[in-house]
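This report examines side-chain pairing and burial in one protein structure. The sequence and the coordinates are shown below for reference.

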Amino acid sequence: MNGRPDTTQNVEPRLKRRSAIALLFSARAVRGFGDGFATILLPAYLVELGYSPFQVGVVATGALLGTALLTLGVGRLGGHRDLRTLLLLGALTMMLTGLAFPFAEAFPVILVLAFVGTINPSPGDIGIFVPIEHALLASDASDQKRTQVFARYSLIGGLSTAAGALVATVPDFLVSFDVPRLVALKSMFFVYTVLGLIGAVLYRLLPKSSPAIDQRPKASVLGPSRRIVYGLAALFSVDAFAGGFAVQSLVALWLFKRFDLSLASASLFFFWSNTLSAFSYPLAARLSQRFGLVNTMVFTHIPSSICLIAAALTPNLTVVLALLSIRAALSQMDVPTRTSYVMAVVTPEERPAAASVTAVPRSLASAISPSLAGAMLGTAFSGLPLVICGALKIAYDVALLLSFRHVKPPEEAEQAAGRTGQISRFGGVQRRRVR
């Protein structure tokens, strides 16, 4: 014995965790790339088939509703099944979605495919993959590093989504070579299939389970954190219902209809807006260390909602795009902070269930509003959905701040403890006096 601790047994688990995180980041990049062009091309494809804005909104509603039900199923199975297997099934669904869409032109068929498939009208933190990936990432991150891990996860997703938005210009490029526009649009769905295959390969390389997941009880249900999770889920539902009025597909459709924006111009705009969103994620992590997770969520969200309302009321395209860009730079800062907060205020055993319970109501709530927004896009004031979205989101932010500003994640509680002076009890509840 040389007196030095033997660390060889700890090296291999650390390497496995880092490898798993890298694979999850890579899979997120692949999915984000597909979402980047699919959310823009979906309304363009439906319009090319002759469908109205209301019908586009109905398809968006069907896609989000199907996502909610699939996410609920994933949450139920998450505590009883190998999470890697569930991710592989999701990748298979993505492949089948891309294969089927080019052959679907009848509206009922498109609606069914949107319901059971993985193409969503808005990229980001929704989908059947999300609660599983969140649970796996959270299991391998310390309290101090958790928000940064989710920020990197979101950054990678945002940058890949931005790159995918540029690919949405490919149909216009193909049309310049006399390829029929409908054929050019359909070809992109086969690219989506290939991305699903790449995702399946990445998920196949994951270990069968994470070390932290192995140690949890077989049943993954909400226990001591049930009240907090249900309260967050209710508020997140309001936010998601509001966001459904301005999902990316419908904002693209609004720009097509309101300003006659070309597909190539829309793709370039969404590239830059998604890039701004992506770089806001690590900034959100830094801000949350200084101001707290809830404060970062709220005080970046409100200005973005004001910009959205202003864009709806502005007749000048340049000003509209500028306002929407500012909104993009601010509106997604709550994504890594919200995820980190949910994972922080529950026990490790509750994380898959908490991720599902907070994700499913979001998807269900967001599924209601796109069809309403689609109908509103055909009215004299086509910007009405954007105004409703902004107003509801501001109300959500205020409610979140009032309800959860005192519910601290562990790292914030430790910081507060370092500044705590005398502790007193009033009615059995500890209240800290900060010096």
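The following paragraphs treat salt bridges, aromatic pairs, charges over rings and selected buried sites.

The model is predicted, and side-chain atom pairs are counted only at pLDDT 80 or more.

**Salt bridges**

Side chains of opposite charge can pair when their charged atoms come close. The structure holds 7 salt bridges, and the table lists some of these pairs with their N to O distances.

| Basic residue | Acidic residue | N to O distance |
|---|---|---|
| Arg-31 | Glu-133 | 2.6 Å |
| Arg-181 | Asp-172 | 2.9 Å |
| Lys-393 | Asp-239 | 2.6 Å |

Arg-31 forms a salt bridge with Glu-133. Arg-31 belongs to helix α1 (residues 8-48) and Glu-133 to helix α5 (residues 130-139), so this salt bridge ties together parts that are 102 residues apart in sequence. Arg-31 and Glu-133 are both buried.

The salt bridge between Arg-181 and Asp-172 has another setting. Arg-181 has a relative accessible area of 28% and is partly exposed; Asp-172, with 26%, is also partly exposed.

Lys-393 and Asp-239 meet through their side chains in a salt bridge. The pair links distant parts of the chain, with Lys-393 in helix α17 (residues 384-404) and Asp-239 in helix α10, 154 residues apart. Both of these residues, Lys-393 and Asp-239, are buried. They also take part in a network of salt bridges that links Asp-239, Asp-334, Arg-338 and Lys-393.

**Charges over rings**

Arg-338, a member of that network, also lies over the face of Phe-236, at 5.7 Å from the ring centre. In a second case, the charged end of Arg-28 sits over the ring of Tyr-153, 5.8 Å from its centre.

**Aromatic pairs**

A pair of aromatic rings is described by the distance of the centres and the angle of the planes. A search of the whole structure finds 11 aromatic pairs. One of them joins Phe-101 and Phe-189: the ring centres are 5.1 Å apart and the planes are at 15°, so the pair is stacked. The two residues come from distant parts of the chain, 88 residues apart, with Phe-101 in the loop between α3 (83-100) and α4 (107-116) and Phe-189 in helix α8 (residues 181-204). Phe-101 and Phe-189 are both buried. Phe-271 and Trp-272 form an edge-to-face pair, with 4.9 Å from centre to centre and 70° between the planes. Phe-271 has a relative accessibility of 19% and counts as buried, because the cut-off for burial is under 20%. Tyr-45, Phe-101 and Phe-189 form one aromatic cluster.

**Buried sites and helix α16**

Helix α8 also contains Met-188, which is buried with a relative accessible area of 4%. Beyond four places in sequence, Met-188 touches Phe-37, Leu-41, Val-167, Val-170 and Pro-171. Met-188 and Ala-168 are 20 residues apart in sequence, and their C-alpha atoms are 8.3 Å apart in space.

Ser-225 is found in the loop between α9 (211-214) and α10 (226-243). Its relative accessibility is 6%, so Ser-225 counts as buried. Leaving aside neighbours within four places in sequence, Ser-225 is in contact with Val-345, Val-346, Thr-347 and Glu-350.

Helix α16 (residues 351-377) has 27 residues. From its first C-alpha to its last, α16 reaches 39 Å, close to the 39 Å expected at 1.5 Å a residue. Of the 27 residues of α16, 21 are buried, so this helix is largely enclosed by the rest of the structure.

Terms used:
Residues numbered from 1 in each chain as written. Heavy atoms only, no water. Helix = DSSP H or I, 4+ residues; strand = E, 2+ residues; numbered from the N terminus. Expected span 1.5 Å × (residues − 1). Buried < 20%, exposed > 50% of the residue type's maximum accessible area, 1.4 Å probe, protein only. Contact = heavy atoms within 4.5 Å. Phe/Tyr/Trp six-rings, centres within 6.5 Å; stacked < 30°, edge-to-face > 60°. Lys NZ or Arg CZ within 6 Å of the ring centre and 35° of its normal. Salt bridge = Lys/Arg side-chain N within 4 Å of Asp/Glu carboxyl O.
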